[in-house]
Amino acid sequence: MSSQKKIAVLASGAGTNLQAIIDAIKNSKLNNVHIAAVISDKKDAFALERAKSAGIETVFLNPKDLTKNTDYDKKLTEVINNYDVDLIVLAGYMRILTKSFVNAFKNKIINIHPALLPDFGGRGMYGKRVHEAVLKSGKTESGCTVHFVTDEVDAGPIIAQRKVPVMPHDTIAGLSERILAEEHKLLVEAIEKVLCK
Ligand code: GRF
């Protein structure tokens, strides 16, 4: 990558995927990428602590102050526009984005999902529910997907996927842990792929 690219990371939870990006930048696995800001809808998201520890600017946008989704995403658009980023990375961001937000950043938003889309995606398919559904289905393979975000949940063009075998007698915790380890690698690869295009 020649010129430096700026990204914003949106996260609502533990932020292990954010950490993977921070580490990849530190270890020069991801060159010329700068995290301009980490934005969260959860005040106590550990992702915000990880960002602060790495010296990255953080923004907490309280959903209680902007109860309508359209108002929330309008504010989010303003905040992100201030950072003038090349890419928005959803790394465990739990809110569904409005159509106008997605259209404002067309082809500039990517998301990581803990299954092999188009299977086990869509509204209501998040967190443990995804792995539970995979185990119930009897599939012998799951994995993770990074895709562009469109106004249809989990249905945008796929950028990269990694497969993870489902073991006999697998548990939700075991499967999710093994997939998460792959997510960390996949997300870094996908960011590089998108920003180097
Ligand atoms: C990951 O499993 C990701 O696929 C999903 O939410 C989880 C976030 O984990 N969208 P973390 O906050 O990055 O640890």
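Let's start in the middle of the fold, with strand S4, which covers residues 87-90. Leu87 and Val89 point one way from this strand, while Ile88 and Leu90 point the other way. Whichever way they point, all of these residues are buried. Keep in mind that you are looking at a predicted model.

**S4 and its partners**

S4 has a strand to pair with on each flank. Strand S1, residues 5-10, runs parallel to S4 and is joined to it by 4 bridges. If you want a place to look, find alanine 8: its bridge partner in S4 is isoleucine 88. Strand S5, residues 109-113, also runs parallel to S4, with 3 bridges between them. Here, valine 89 stands opposite isoleucine 110 in S5. To get from S4 to S5, the chain goes through helix H4 (residues 99-104), and this β-α-β crossover is right-handed.

**The whole sheet**

Now zoom out. These strands belong to an open sheet of 7 strands, in the order S3-S2-S1-S4-S5-S6-S7, with mixed pairing. The edges are strand S3 (58-60) and strand S7 (158-165), each of which pairs on one side only. On average, neighbouring strands of the sheet are turned by 20 degrees against each other, direction ignored.

What does "mixed" look like here? Strands of a sheet can pair either parallel or antiparallel, through backbone hydrogen bonds. You have already met the parallel pairs S1 with S4 and S4 with S5. Go on past S5 and the sense changes: S5 and S6 pair in the antiparallel sense over 4 bridges. In that pair, isoleucine 112 stands opposite valine 146 in S6. S6 and S7 are antiparallel too, with 7 bridges, and glycine 143 faces lysine 163 in S7 across that pairing. Strand S6 itself (residues 141-148) is mostly covered, with 7 of its 8 residues buried.

**Around the ligand**

Which residues surround the ligand? They are Gly13, Ala14, Gly15, Thr16, Asn17, Gly92, Ile112, His113, Pro114, Leu180 and Glu183. You will recognise Ile112 in that group, as isoleucine 112 is the residue standing opposite valine 146. Oxygen atoms of the ligand come up in the polar distances below.

| Residue | Part of the residue | Distance to a ligand oxygen atom |
|---|---|---|
| Alanine 14 | polar backbone atom | 3.4 Å |
| Threonine 16 | N or O atom in the side chain | 2.5 Å |
| Glutamate 183 | polar side-chain atom | 2.7 Å |

How much of the ligand does the protein cover? On its own the ligand has 370 Å² of accessible area, and the protein covers 81% of that.

**Two buried residues**

Serine 40 sits in strand S2, residues 33-40. Is serine 40 buried or exposed? Its relative accessibility is 0%, so it counts as buried. Its side chain has polar company, though. The side chain reaches the backbone oxygen of alanine 11 at 2.7 Å, and a polar atom of this side chain lies 3.0 Å from the backbone nitrogen of lysine 42.

Valine 130 has its place in helix H5, residues 128-137. With a relative accessible area of 0%, valine 130 is buried as well. From valine 130 to histidine 113 is 17 residues in sequence, and 9.1 Å in space, C-alpha to C-alpha. Histidine 113, remember, is one of the residues around the ligand.

**Some backbone oddities**

Most residues other than glycine have a negative phi, and most peptide bonds are trans. A few places in this model go the other way. Asparagine 32 is not a glycine, yet its phi is positive, at about 60 degrees. Asparagine 32 lies in the loop between helix H1 (16-26) and S2. With a relative accessible area of 32%, asparagine 32 is partly exposed, because that value is neither under 20% nor over 50%.

Aspartate 84, also not a glycine, has a positive phi of about 50 degrees. You'll find aspartate 84 in the loop between helix H3 (69-83) and S4. Its relative accessibility is 56%, so aspartate 84 counts as exposed.

Finally, check the peptide bond from leucine 117 to proline 118: this bond is cis, with omega near 10 degrees. Proline 118 lies in the loop between S5 and H5.

Notes: Residues numbered from 1 in each chain as written. Predicted model: local features only at pLDDT ≥ 70, side-chain atom pairs only at ≥ 80, totals over all residues. Heavy atoms only, no water. Buried < 20%, exposed > 50% of the residue type's maximum accessible area, 1.4 Å probe, protein only. Helix = DSSP H or I, 4+ residues; strand = E, 2+ residues; numbered from the N terminus. Pairing = 2+ DSSP bridges. Right-handed = clockwise from strand over helix to strand, strands pointing away. Near = heavy atom within 4 Å. Polar contact = N/O pair within 3.5 Å; in protein donor to acceptor, adjacent residues only side chain to side chain. Areas by Shrake-Rupley, 256 points an atom, 1.4 Å probe, with all protein chains shown as cover. Axes fitted to C-alpha atoms, helices over the stretch in contact; angles between N-to-C directions.
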